[in-house]
Amino acid sequence: MGMEYRIAVLPGDGIGPEVIEQALLVLEQVGRKFGHVFRFTTLLAGGCAIDATGNPLPEETLDECRRSDAVLLGAVGGPKWDNLPGDIRPEAGLLALRGGLGLFANLRPAVLNRELRDACPLRPDIVGESMDIMVVRELTGGIYFGQRGRRTGKMGEEAFDTECYSEGEIERIARVAFEVARKRRKKVTSVDKANVLESSRLWREVVTKVANDYPDVTLEHMYVDNAAMQLVRNPRQFDVIVTSNMFGDILSDEASMITGSIGMLPSASLGEGSFGLYEPIHGSAPDIAGKDKANPLATILSAAMMLRYTMHLEEEAMAVENAVNRVLEEGYRTADIMSTGKKNVGTREMGRLVAERI
Ligand code: NAD
């Protein structure tokens, strides 16, 4: 039976509006094909919001996001706003949005598409035919949110930041990781630095305890330095990686670079229940904005994650992912993933081709 969903759309700056337009086109086609209604409300966030209201996250935007089932975001920022003070920069709006919506779990798939194997910087014998890792990063705790400050010490001025995690914070992110693994290859690698850090020792204890509720999922623990190494030595050993805010920040970038194509990678940030914020991992790419050159596939695949994780519409999510794969198999490429013998298309044409194949 057809359902109705309310989606807050934040196109943002640079290529944001261009890639969002294509994702909406694809969602509308999903709606037509499967009989759902998606109600989009377009809102200001980032640099464009600073220009219009002086605030990177106007209250109206946050309120409407809270009333929605999900949020779809393009990208924010650009050179125009780079010299503003920290708290009114576009990125501050993004942090306020994640915090304001209680999004504590960041899901970043690093998928190497068979068609784009050549973009992978690792040798073919290391990465194989394809790769599919999901990094689950804790997003609202740890050192990025802990106590920090400056003081005078014996060797001059000192600065400190604090890594602090509670049982509750660790348990809820671990549960997300195990639930996600259940829908995949049923393996969780928990990454920490328990040989040195007390916060990591608690992390390990709690994750181990949560694992008892998921006997069908295999759990292993790995130190973060080893994980960084294993990702380039043998990435195929990983299914779901769960880790803290800072380790996840670093490892998810490393994992995504293995795929070699920033324009292809989606992400989801989840809170309690099925609410989520979905966005491509790339930025606003000011160098190619307004030129119909941006790859919209990361944003289209973010919309697919929204269908899967917020709306629990697995068939519809697969329809989008399969349409993207077909377009790539047929040889269509935006400039960033172009190679000899393939067909170069712009942002709009790429969006149209995907929508047509739903
Ligand atoms: P970027 O991701 O915007 O661009 C890096 C490089 O990748 C550029 O050469 C760009 O042209 C290319 N690229 C990125 N997305 C692409 C796409 N979809 N298709 C084709 N090519 C693509 O990173 P940056 O240059 O470091 O940052 C630019 C601005 O974006 C900055 O203001 C930064 O603060 C902001 N930013 C925002 C977010 C976000 O909104 N979540 C994330 C990262 C950076």
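User: Let's start with H11 and H12. What's the handedness of their crossing?
Analyst: Right-handed, for H11 and H12. Keep in mind that this is a predicted model.

User: Sure. At what angle do H11 and H12 pack, and how far apart are their axes?
Analyst: H11 and helix H12, which covers residues 347-356, pack at an angle of about 120°, and their axes are 8 Å apart. Oblique angles include those over 115 degrees and up to 145, so H11 is oblique to H12.

User: Which residues make that contact?
Analyst: From H11 you have Ala323, Val324 and Val327, and from H12 there are Met350, Leu353 and Val354. By class, the contact of H11 with H12 has six nonpolar residues, with no polar and no charged ones.

User: Nice. H11 also packs on H1, right at the other end of my list. What are the angle and axis distance there?
Analyst: Helix H1 (residues 16-34) and helix H11 (residues 314-329) pack at an angle of about 130°, with the axes 11 Å apart. That angle makes H1 oblique to H11. The crossing of H1 and H11 is right-handed.

User: Which side chains should I click on for H1 and H11?
Analyst: Try Val26, Val30 and Phe34 in H1, which meet Glu315, Glu316, Ala319 and Val320 in H11. The contact of H1 with H11 divides into five nonpolar, no polar and two charged residues.

User: And H1 against H10, how are those two arranged?
Analyst: H1 and helix H10, residues 297-309, pack at an angle of about 45° with their axes 8 Å apart. This makes H1 oblique to H10, and their crossing is right-handed.

User: Who takes part in the contact between H1 and H10?
Analyst: On the H1 side, Val19, Ile20, Gln22, Ala23, Val26, Leu27 and Val30. On the H10 side, Thr299, Ile300, Ala303, Met306 and Leu307. Sorted by class, the contact of H1 with H10 has ten nonpolar residues, two polar and no charged. Val26 and Val30 of H1 also meet H11.

User: Switching topic: what's around the ligand?
Analyst: There are 20 residues around the ligand, and Val76, Glu91, Gly283, Ala285 and Asn295 come nearest.

User: What does the side chain of Glu91 do there?
Analyst: One of the polar side-chain atoms of Glu91 sits 2.5 Å from a ligand oxygen atom.

User: And Val76, which part of that residue faces a ligand oxygen?
Analyst: The backbone: a polar backbone atom of Val76 is 2.9 Å from an oxygen atom of the ligand. Gly78 has a backbone N or O atom that lies 2.9 Å from an oxygen atom of the ligand.

User: Last one, Gln237. Where is that residue?
Analyst: Gln237 is in the loop between helix H8 (224-233) and strand S10 (240-243).

User: What polar partner does the side chain of Gln237 have?
Analyst: The backbone oxygen of Asn234, which is 3.1 Å from a polar side-chain atom of Gln237.

User: And which residues does Gln237 touch further along the sequence?
Analyst: Leaving out residues up to four places away in sequence, Gln237 touches Lys187, Met222 and Gln230.

Key:
Residues numbered from 1 in each chain as written. Predicted model: local features only at pLDDT ≥ 70, side-chain atom pairs only at ≥ 80, totals over all residues. Heavy atoms only, no water. Axes fitted to C-alpha atoms, helices over the stretch in contact; angles between N-to-C directions. Helix = DSSP H or I, 4+ residues; strand = E, 2+ residues; numbered from the N terminus. Parallel < 35°, antiparallel > 145°, perpendicular 65-115°, else oblique. Left-handed = near helix turned anticlockwise from the far one by under 90°. Contact = heavy atoms within 4.5 Å. Nonpolar A, V, L, I, M, F, W, Y, C, P; charged D, E, K, R; others polar. Near = heavy atom within 4 Å. Polar contact = N/O pair within 3.5 Å; in protein donor to acceptor, adjacent residues only side chain to side chain.
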